[in-house]
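Student: Could you walk me through this structure with a few questions and answers?

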Amino acid sequence: MDSIAVSARTSKARVCSCFVLSCLLAITLQVFVFSPISPDILELPPTSSASLVPTNSRLQRVIKLGEGFLENPEDVCVDKNGILYTATREGWIKRLHRNGSWENWRKIDSNALLGITTTKAGSLIVCDGEKGLLKVDEDGVTVLTSHVKGTEIRLADDVIEASDGSLYFSVASTKFGFHNWHLDLLEAKPNGQLLKYDPSTNDTSVVIDGLYFANGVALSADQDYLVVCETWKYRCLKYWLSGEDKGKTQIFVDNLPGAPDNINLAPDGSYWIALLQLFSNKFEFVHTSKAFRHLVATYPGLYELVKGTDKKAMVVNVAADGKIIRSFDDPTGEVMSFVTSAVEFDDHLYLGNLNSNFIGKLPLNVA
């Protein structure tokens, strides 16, 4: 009888062991064989003078514009008449008139609206993370371009108009789409592009390929070069449009104290750059391990645990020579977090973001 009991227990233990091993094998296959990414190690910038920016809480003093009326207003722009525009997550282009009244201006069938800019002709150009580059005006919505070299534009991100009417815009990733952009972060490969749309020919061409999540785009005051942000590299690149360096790419600023999102030219020729915290401080080790990256990519709930974008907010003002002049923070995310754009107009800074229902307005002439 005892031998039968021992045999039964042994058999049960074997079954349990086989079950555990099968589960471990299934998880290993799921994580490493069927993972949606093939990651590289993400190299965060070393501590340097550029990244040692004193922390403050200036962004906790913002005036909340349109609170409750705006859903995740990612970008902001102002037209020649002083009317402020933003694109919200539910597909509305909303605008704030000089008298303080808000208007639901145009509805687009999309929940992937990102960067926006105004044109000399009075139109609004919108990056749709799923449809491509859109023109929005009183006549409605037109898709300007959705393909480049026969390939669908997967994740149009930010756009700016040059004086000749050309539109330069970033494609954050050619591999991952709007709803799984975080996989590009976990993969940490140069899947981004800078494109140019020529309205006279309707032609779309590649200006720069192989960018690490191409994000914000801005022209210089003289339009002799443009700047494009590489979010995963914590840097911005300068691409020369004219002069003896025409066609060359150089580093404009690197080792930033955060990952750059959108960039906008200020009236004095400097730039405002919104910076992101990619990982929560407790989980920064994730960027050093391919195995952890596979694991987080395979189980989306883990990304919600490790992400840091909703933990704080930061914008920096960078001079034309690439030096940081000043910075504004909400170090705890108490009032603002995941700030994605900063636009200067009439001595105020207007702040778009992806984690609130308002646009922040910050006076710049107050100490």
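**Cysteines and two charged residues**

Tutor: Sure. One cysteine pair first: the sulfur of Cys236 is 3.4 Å from the closest cysteine sulfur, in Cys229, which is too far for a bond. This is a predicted model, where local features need pLDDT of at least 70, side-chain atom pairs count only at pLDDT 80 or more, and totals for chains, interfaces and linings use all residues. Residues are numbered from 1 along each chain as its sequence is written, and side-chain values use heavy atoms, with hydrogens and water left out.

Student: How many disulfides does the rule give?

Tutor: A disulfide is a covalent bond between the sulfur atoms of two cysteines. Here the rule asks for a pair of cysteine sulfur atoms within 2.5 Å. By that rule, the count is zero.

Student: Is Cys236 buried or exposed?

Tutor: Buried means under 20% relative accessible area, exposed over 50%, and partly exposed in between (1.4 Å probe, protein chains only). Cys236 has 0% relative accessibility, so Cys236 counts as buried.

Student: Which side chain of opposite charge is nearest to Asp75?

Tutor: Lys and Arg count as positive and Asp and Glu as negative, while His and the chain ends are not counted. A salt bridge needs a side-chain nitrogen of Lys or Arg within 4 Å of a carboxyl oxygen of Asp or Glu. Asp75 is buried yet has no salt bridge, and the nearest side chain of opposite charge, 11 Å away, is Arg89.

Student: What is the C-alpha to C-alpha distance between Arg58 and Asp329?

Tutor: Arg58 is buried, at 13% relative accessibility. Arg58 and Asp329 are 271 residues apart in sequence, but in space their C-alpha atoms are apart by 5.7 Å.
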